[in-house]
Structures are given as structure tokens and as C-alpha cells.
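The following exercises are intended to be worked through with the sequence and the model at hand. Each task is followed by a solution in steps.

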Amino acid sequence: MKRITKYIGGGAVILALVAAMACGQEEPPAPVAPAQTEPTAAMAEPTQAMEATAAPTADEATSMNNQGESRLDTVRARDKVICASRNDVPGYGFLDDNGNNVGFDIDLCRALAAAVLGDPNKIEIRLITAAERGPTIQSGEVDMLVRTVTWTTSRDAQWGNYAQTMFYDGQGFMVRKDLGVGSALELQGASVCVTLGTTTELNLQDFSNQNGLNLEVLPFEDTPAVVAAYESEQCDAFTNDRSQLAALGTALQNRADHVILPETISEEPLGPVVPHGDDQWFDIVKTVMGILIYAEAYGVTSGSVPTAATGDTKVDRLMGLEGAFGQEPLGLSETVAQDVINAVGNYGEIYARNLGPEGINLPRENGRNALWANAPCQDCPKGGQIYAAPLR
Amino acid sequence: MLNPNTTLPRILTYQGIPVWRHAQIIQWAAQIASAILVVALVMWFFGNMAFAIDDREIPFGFSFLEREYQTPIGEHVLPYESSDSFLYALIVAATNTLVVAVAGVILATLLGIFIGVCRLSPNWIVSKLATAYIEFFRNVPLLVQLFFWFYIILELPTVREGYVLADLLYVNNAGISFPGPVSSGVTPAVVWLVLAVAAVFVGALAHHRLVRREDETGRPSYPLVIGCVTTVGIAAITWLVLSGIFGDAPFSVSTPAPQGRFGRIDGGVTIRAGMLVLLIGLVMYTASFIAEIVRAGIQSVGRGQTEAARALGLSPVNTLRQVTFPQALRVIIPPWISQCLNLTKNSSLGGVVGYTDLTNVAITMTQTAPAINIFLMLMATYLAMSLTWSLIGNLYNRHIRFTG
């Protein structure tokens, strides 16, 4: 009997802990107040900050942030930008022949490192699964999450701040040609493979319910397992963002045997995410993404970065040769755009290198991912949707 | 000289062993220091968490539990609709984990005992094969083994070209399907199941009583026959009565059959590939540890016991069953419990092979609900499962210990 009471006691302790946590949310936690109200005091006393780094805390980034220091200072002190990304999808984040992690997402991280540290190679890529994205960015252990993350309102509310849509995608299905399926609406009773913890998984349920398809869902934690299961016909169809279907399709044994169905069942705006709680860092990432987009719009490429005034006011302002677009309040150098474009090129170059002809060959012209600025006239809606806040 | 007992408190005139060498004081000091350390550590963890929640505006709260989950759960033993709540989805997921854990523990224990006994076999080939099995499965990481079985199962023919036995058994790379019971309604099914369990208890009680009567009086009482007849009889009568009341039998047999243009198997019971891979992987892996535990347990029983049993004329099998194994159990049970715990916790790897266990559903939930709360619940659930295993194991261990 004694032993049983022991178990009940243990259970009660755990319940009490959980209950205490639940109650704790109403009252502001004690240690927060001083750190938030006196950020300058914390910075003025170097000993305090140094203690924080010396303390055996979980992570450098977290502990320094705990002292109210800005993420920009943390990143500069660390001399490295930490991004959460991937290495398993061609075009976005993949290992090239030399074993380097390259891709669209990786280049966005490099651009950020070039902007804040002046060197695109000062990055550390944390490889995470799709399902790990939320907890990773919530904990603030990385400076930026760029891993084909779809912008949704509940993620924005819970995970971190979405900086800028850098790619417009939509969810599609891939099936074997020999099944003779011409539309996703014909997938009645089919088994569909999907990656766990993605918006794709959520959209799939909506699509199945709306159309009464009674889909059988087969979720896997890793995308390679999804592809393996699909190739072995453990499932009849495989769903993901269309661009990723195209990218992963290049790795299938016989691409010609497979077809991507015409339906796009969702909106998937992809872009980088930063942790909640540091507005300056949020703005820096938005500005860097804007620099990439406007450099393309103004025709500045990595090979043609001007170092002296060109006379074109917009170009000169972007390059830090005349006026400013908010570099100083953000703690960036006047010539930040020169560093960024020299290092990674403009948006168009990044696209071409990874997703375009030199990469997985997704068409861009006249599509959603063309620049809005490329529209033939000021107001006619023929350009793409790639657009950022004006740099001025 | 003054009398110390009257003029000064005793503590000031203490003349015994120096305080820093006093065993009792050192013990107390160590206890207090470690208690403070533990409390400080826990407080630091929670303080850090509370700080991070506030600093990065991480959502926190349990209100999400009543919301609709609206997300698919791959395989589920309990009925599940996407309109069910988060809380119910968690229960469905926990049941998935429980099913694998219970089935896994039973199978791994049976296989482990078999391999462990084989390892002690005087037959050279049998014992070496058992040794090879143990050394292989014990020394390769479980995750690697799971991927191995995953790719093995993928090599089976597809659902449209799979093996079919008499239109009843379907084996393909999507899983194994066979005829199984389906309930015609929840109420009659639950009522009958409860009554059936009661019938088993009544039968067992009758068996127990009759065995004792046979032992005491020597009159033949046929305990096994009467016990079985009682159980089956009660179950059959309640079945008929319930069929009469509800107009339908509590359960009917459903046979699997391919459906629609994709030929996916519907009806009957299907063990999908993900569960199959996870079960095979967990059972093979854990059995190798249990086999070693069983071997150690049997070898811990004095050699004299075996020799005495053989001298009494017991066959080798009976020696093991009646003499050696019951004594070995005392050594086997405690480490066996930790293997049960390991198997239960290792089932959280299910996601990599396509089985939606508790962990994977919880991870998916973090997309639309507060991660910290979900993980707190996840930890509490695994803790509850583990403590239950420990409780069962310890109660059994107490039951079989030497008394008197």
C-alpha cells in the first residue's frame, strides 16, 4: 500500500507543477521587470553582461538576450549569424557536389550575415526538421529561421515574426502517370504521403473534407522518407509545396513516370522568420530582404555594385552614396547594400542560382515570383508579387 | 567548576567529536545542501522558462485543448474525425502509443525469454545463433534498425499487386489486413466487453476455488473445464441477450477488400506499415536486452537447484519451468521493468517510419497551439505511462518474492 501512495504522491507533485505553471501565466514573472525596464543599465555594466555569458546557461544567444541586450549586439559579439534551415531539398537548402550547404534559403542567411557582419560566410546553419521549426524559433536559439516556412497567422502569433515573403508557393500533388489521375479531385480513397508538422498536412485535411475525398494520410517526420514511401507506392500521391514537388521530383528515379496535378490547393507564402521580442532585429531582416529585391529592380548586380555616386538618386541612396534609408537607427553601416549585393547578388541572381536555370529550373517570368517593379507600366497588374517596403 | 547543565546551554559546552567530522552532522549538511541545489535548479529552469515566455511573447495556456484539431492523424486505434478537439486528439495519440507499448512489451518479453533460454542451450548452434542475435540487435542503434525495417517493408509488393490469401489476408507494403470484429454500436459493444471481462473474472475465481477444493479434499473437481465453461457460458448468454435487446449482435466480423480505383484495402483490421515497422524494430531491439536479462537471471540460480531437480527426475523443460525460472524471476523483474520503460519511450521514434504516435501528434500540434503546454502534457503523459509500468512490475515483484 505504501508504494501505491508513493506513486499517487509523485503524480500529485507533477500535477501541482503543471498547475503552478498554468497559474503563473497571469502574473508577470519576477525576473523580467528589471531586465526590460533598464536595458541601458545592463549594457552600461559590462560585468553584469559578462556574468551572463559565463553562467552555464543553455545557449549564448538566449542568456545574452536575457540581460536585455539587443540581438544585433549578440550577433556582433558572437561574430556569427545562426540560421535554422535544411539540407535536403534541392534549390532551397541542399548539399552541392563539394558538400557545401547551398540554396535559396541559405543565401538569405548569407545576405543577413553580409549586412550585419560584413562577411556572408559568418553563418552557422542549424539543420532542423519541419516539425522542429516552431519550437526552434520560439526559444530564440537561432537568429533567423529560413526553411521554406509558410506564413500563417497562427504561426505569426506563436512562433516569431515573419519578415518578408520571398517566394510565393502553393500546395500541389504528385502522382504516378500510370494511375491515370488527371485531377486532385479524383483522389477519392487514395493514400497520400506528407511531411509531419507542416501547413501541407493541415491543408490536406481541409481539402479532403471539403471535397469528401476520404484521403488516407501517411505522415513522415523527414521529407526523404516521404519520397521513399511514395516511390515504393506505399502511398498513391505525395503532397508538398509545388516548387518542392518540382525540386524533389528531380531526385526521383524516373521523373517522366510522375506528374504534378494541376490543382493548387493552398497559398504558401515563404520567407524568413525572426524570434519575437526584438523589433530592431525584425526591421534589420526586413530591410536586408528589401535591399535584395530593390537591387534587382534598380538593376544592381553583384558584378556591378557602384562605389561612387552614379547620379541615379535611387541607386545612390540604396548604395549609401547619397541620403539614407534607415541604416543608422537599425545599427547598419551606410554602405550595407554594397556588402550584401557584393556577397550574394540581388534577388534575381539568388533566384536564378538556386531556383532558376542554374538550379531546379522553376520558371519565373510572368509568374508570381517575378518583381512587381517589372510590370510594363506603373499600374498595370502584370508584374509578379515580389515587392518590399520602399527603401527610403 | 560550574555545572554546565545549569548555567550554560549544552551546545556551547559541547565536547564530543569535532563538528566537521561528526558523521550525523555531515550527513545532514549534505542532505540540506543537495536539497537546496535541487530546488535552486528547478527554480532556475522554471524562472528561465517564465522569462523566455514573456521576453519572446511565447503563447502559454491550456485553452487550446477544447479547440477543434483539424489535422489528420495517420493511423488511429480509436475513432477519430478532424473535427475532434485537441484533447481528444491527444487521447487518440496516447492510445496509439499505448497499443504499440503493450503489444511491444508482450512480444519482446516472449521473444527475449526464448532467445535468452536458447543462449543457455547445450546445443552449440542454437546457443551461438542466440548469441549472434543478441550481439547484433543490441549493438546497432534503434533508429538505424527502424530505417532498415522501413526499407525492407517498402520492398514488399504494392497494394495493387500484393499477396492475397483466400480474399481474407492481404499483405503488401502498405500493411497487413485481415478479418476482424467491428462493433455495430458503441453501447452494446462496450456493455458486452465489460460483461465479458467480468465473465473471465468469474471463470478464474471458479477455477481458483475448485483447485483449492481438489487440493484439500482430493476429489476430482475439473477446475479448468468448469472455469472455461463458466466464462464462455456467461459471455455467450450476455451476447444473446444483448443481440435480443439491440436487435443486432454487439460485434460482427468484417472482411477486408480492395476499394476504389486505388485498390486501398478497406474493412477488417489493418496493421499499417508504420506500426508494423515500429513494432518489429522495437521488439527485435528490446528482446536482445531482455534475452541477456533472462540469461543472467537463470544463471543466478544456484547450480545445486538444477542438479537437485534433475536428480528428482524432472525433465530439462520442467526443471526450467518449475524450479529455475520461478527463482530467476526475482533477478529478472527489476531490469525487465526498465526495458518496458525503454520500449515505451523509444516508441516516440515512430514518426520517422510513418507511425503517428503521441510525440508526433504533439509536435504537429505545436504548429497551431502553444508548444510549452503541449510538451508539458507530453512529458506528464510519458511519466504516467512509465510509472504505471513500474507499478505493475513492482507489484508483481512483491507477489513473487520469498516470504516467511
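A salt bridge is counted where a side-chain nitrogen of Lys or Arg lies within 4 Å of a carboxyl oxygen of Asp or Glu. The structure examined here is a predicted model.

**Exercise 1. Salt bridges between the chains**

Task: Determine how many salt bridges the rule finds across the interface of chain A and chain B, and examine the pair Glu216(A) and Arg272(B).

Solution.
Step 1. The rule finds five salt bridges across the interface of chain A and chain B.
Step 2. In the pair of Glu216(A) and Arg272(B), the closest N and O atoms are 3.4 Å apart. This value is to be compared with the cut-off, which requires the atoms to be within 4 Å.
Step 3. Glu216(A) has a relative accessibility of 22% and therefore counts as partly exposed. Arg272(B), with a relative accessible area of 13%, is buried. The cut-off for buried is under 20%.
Step 4. The pair crosses between chains, since Glu216(A) lies in strand β11 of chain A and Arg272(B) in strand β8 (residues 269-272) of chain B.
Step 5. A network of salt bridges with shared partners joins Arg176(A), Glu233(A), Asp236(A), Arg160(B) and Arg264(B).

**Exercise 2. The interface as a whole**

Task: Describe the extent and the composition of the contact between chain A and chain B.

Solution.
Step 1. Contact is made by 66 residues of chain A and 56 residues of chain B.
Step 2. The size of an interface is often given as the accessible area lost when the parts come together. Here the buried area is about 5,400 Å², and carbon and sulfur atoms give 58% of it.
Step 3. Between the two chains, 13 residue pairs are in polar contact (both at pLDDT 80 or more).
Step 4. Several elements of chain A each supply at least two residues of the side that touches chain B, among them α1 (2-24), α10 (199-210) and β11 (216-220). The largest share, eight residues, comes from α1(A).
Step 5. On this side of chain A there are 33 nonpolar, 24 polar and nine charged residues.

**Exercise 3. Salt bridges within chain A**

Task: Establish which parts of chain A are tied together by the pair Asp107(A) and Arg353(A), then treat Glu141(A) and Arg126(A) in the same manner.

Solution.
Step 1. Over all chains the count is 23 salt bridges. One of them is formed by the side chains of Asp107(A) and Arg353(A), at 2.9 Å from N to O.
Step 2. Asp107(A) belongs to helix α7 (residues 104-117) and Arg353(A) to helix α17 (residues 347-354) of chain A, so the pair ties together parts that are 246 residues apart in sequence.
Step 3. Asp107(A) is buried at 7% relative accessibility, whereas Arg353(A) is partly exposed at 32%.
Step 4. For the salt bridge of Glu141(A) with Arg126(A), the closest N and O atoms are 3.6 Å apart. Glu141(A) is in the loop between α8 and β6 of chain A and Arg126(A) is in strand β5 of chain A, 15 residues apart.
Step 5. Both residues are partly exposed: Glu141(A) has a relative accessible area of 29% and Arg126(A) one of 24%.

**Exercise 4. A strand and its neighbours**

Task: Decide whether the two faces of β1(A) are covered or open, and identify the strands to which β1(A) is joined.

Solution.
Step 1. In strand β1 (residues 81-85) of chain A, five of five residues are buried.
Step 2. In a regular strand the side chains alternate between the two faces of the sheet. In β1(A), Val81(A), Cys83(A) and Ser85(A) are on one side, with Ile82(A) and Ala84(A) on the other; all are buried, and both faces are covered.
Step 3. Five bridges join β1(A) to strand β5 (residues 123-127) of chain A, and the two run parallel. Val81(A) stands opposite Ile123(A).
Step 4. Two bridges join β1(A) to β6(A), again in parallel. Here Ala84(A) stands opposite Leu145(A).
Step 5. Met144(A) lies in strand β6 (residues 144-145) of chain A and is buried, with a relative accessible area of 0%. The residues that Met144(A) touches include Ile82(A), Cys83(A) and Ala84(A).

Notes:
Residues are numbered from 1 along each chain as its sequence is written. Chains are lettered from A and ligands numbered from 1 in the order in which they are written. This is a predicted model: local features need pLDDT of at least 70, side-chain atom pairs count only at pLDDT 80 or more; totals for chains, interfaces and linings use all residues. Side-chain values use heavy atoms; hydrogens and water are left out. Contact means heavy atoms within 4.5 Å. Buried area is the accessible area (1.4 Å probe) that two parts lose on being put together, summed over both. A polar contact is a pair of N or O atoms within 3.5 Å; within protein, one must be able to donate a hydrogen and the other to accept it, and residues adjacent in sequence count only if both atoms are side-chain atoms. Helices (H or I, at least four residues) and strands (E, at least two) are DSSP runs, numbered from the N terminus. Ala, Val, Leu, Ile, Met, Phe, Trp, Tyr, Cys and Pro count as nonpolar, Asp, Glu, Lys and Arg as charged, and the others, Gly among them, as polar. Buried means under 20% relative accessible area, exposed over 50%, partly exposed in between (1.4 Å probe, protein chains only). Two strands pair if DSSP finds at least two bridges between them. Lists of a residue's contacts leave out its neighbours within four places in sequence.
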